[in-house]
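Please examine the model shown here and consider the questions that come after it.

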Amino acid sequence: MEIIKNCYIITMDKHLSQFECGAVVIENGEILDVGNEKDILSHYKADNIYDADKNILLPGFINTHTHSAMTLFRGFADDLPLNNWLNDYIFPSEGKYVCEEFINNGCRIAASEMIRSGITTFLDMYFFQDMAGKVFKEAGMRAFLSEGLINFPTPDMKDPEKAIAYVEDFINKWIGDDLISPAIAAHAPYTCSDKLLRNARNLADKYNLVFNIHLSETALEVDTILKENGVRPAFYLDNLGILKEKTILAHCVHINEDESLLIRDRGSSIAHNPQSNMKLASGIAPVNMFKRIGINVTIGTDGACSNNNLDIIEEGREAALLSKVFENDPTSLDAKYILQCLTINGAKALGMEDNIGSIEKGKRADIIIIDIHTPNMIPLYNPYSQIVYSANQSNVNDVMIDGKWVMKNKNILSFDDSNLFELGEKWKKRIKG
Ligand SMILES: [Zn+2]
């Protein structure tokens, strides 16, 4: 048994309960109790007591859209429109360089960067996910990993006809693991055939897995789908049976009200990626409308090549600020809502709301502690505002996943991340010559 005491707990439970001087009891990876420090210390005796020095304790952040290993393409092709960026730089470079070693090295950088940003769970769409699974398992992260299914050959699926069998193999390797969950990804409606989309959906249904896809990221995509199919992209996906619970739609920049109502009625979630959308000038997702309609909104960093970092705290702040400008309303997407998007909403999107996303009895102990002793965090009037508007990833002090400390006092404990710079230099030489 372990007790974390002397912390300002924001639980993110449905009442948004908080304890100004709180404590959490953890046993076998589970939250046994949470409450006022005085009550907890009078009820429980533990050999292991961690004094959190008045810092803020909250559930770990959930990043619902990323391409982890793309850290190695960080800063490699910037200031370009999405189509050029994808077709002239990303897809050709992925074909040339992405291999198991690339995934191993890129995921090690991503694991360190995400843990340092307070991310305890994430949903990844990329390649060689068996290798990614090994890295994130070692890093002690809760990862939902999906192979990016697409119409053309990919670095690890040379024959698109055999892709579904390849993905099923990957599922069977990892299903049932306590930290790594296989998931299904179809790249986008404009890069996947109807047949591929249906097959991907069937595979997700067969194993009851999370399904994710990029949707309506650009206006061009909407025009293309409308021209080819006569309906807007969300309706097109729905006609194929794609929209269901545990379906996460990344971006949703160009979605109208009818599509939003459909997404809500199907119980699907949206992964909002404000920085990637701004950088690629894709547009501004109407998140305030999604919220009003009742869609479960979550936040993703997207890959480090279109962001260019995996700092989810920064992403939450950009989501709030962008919506205020877009709506011309400073009350749009307040700090509490943003923290819900970053925690419990992410858990709901992944079908994990009974297990993670809040600090509550019986949930798994995915916990982060934010340092409030640095100048940018002083003084502390409101912990929600402080995290969303003042903090950055360097304020994340400690990270526990499934009851294990993976970072303490800003040192990663779960794996050796001392050689990341050398890994980056090696790939820079190979890619840029
Ligand atoms: Zn993406």
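The questions below concern a metal site, a helix pair and a single residue.

This is a predicted model, in which local features need pLDDT of at least 70, side-chain atom pairs count only at pLDDT 80 or more, and totals for chains, interfaces and linings use all residues. Residues are numbered from 1 along each chain as its sequence is written, and side-chain values use heavy atoms, with hydrogens and water left out.

Q: Which arrangement do the four donor atoms around the zinc ion form?
A: The protein donors (N, O and S atoms within 2.8 Å of the metal, or 3.2 Å for Na, K and Ca; water is not among the atoms, so sites may look incomplete) are His-65 (NE2), His-67 (NE2), His-214 (NE2) and Asp-302 (OD), 2.1 to 2.5 Å from the zinc ion. Four donors count as tetrahedral if all angles lie between 85 and 135 degrees, and as square planar if opposite donors are over 155 degrees apart and all others between 65 and 115; anything else is irregular. The angles at the zinc ion run from 84 to 174°, so the arrangement is irregular.

Q: Is His-272 buried or exposed?
A: Buried means under 20% relative accessible area, exposed over 50%, and partly exposed in between (1.4 Å probe, protein chains only). His-272 touches residues including Asn-277, Val-297 and Ala-319, where contact means heavy atoms within 4.5 Å. Because its relative accessible area is 3%, His-272 is buried.

Q: Which residues of H5 make the contact with H4?
A: H4 passes H5 in a right-handed crossing (the near helix is turned clockwise from the far one by less than a right angle). Helices (H or I, at least four residues) and strands (E, at least two) are DSSP runs, numbered from the N terminus. On the H4 side the contact involves Gln-129, Asp-130, Gly-133, Lys-134 and Lys-137, and on the H5 side Phe-170, Lys-173 and Trp-174.

How values were computed. Four donors count as tetrahedral if all angles lie between 85 and 135 degrees; four count as square planar and six as octahedral if opposite donors are over 155 degrees apart and all others between 65 and 115; anything else is irregular. Lists of a residue's contacts leave out its neighbours within four places in sequence.
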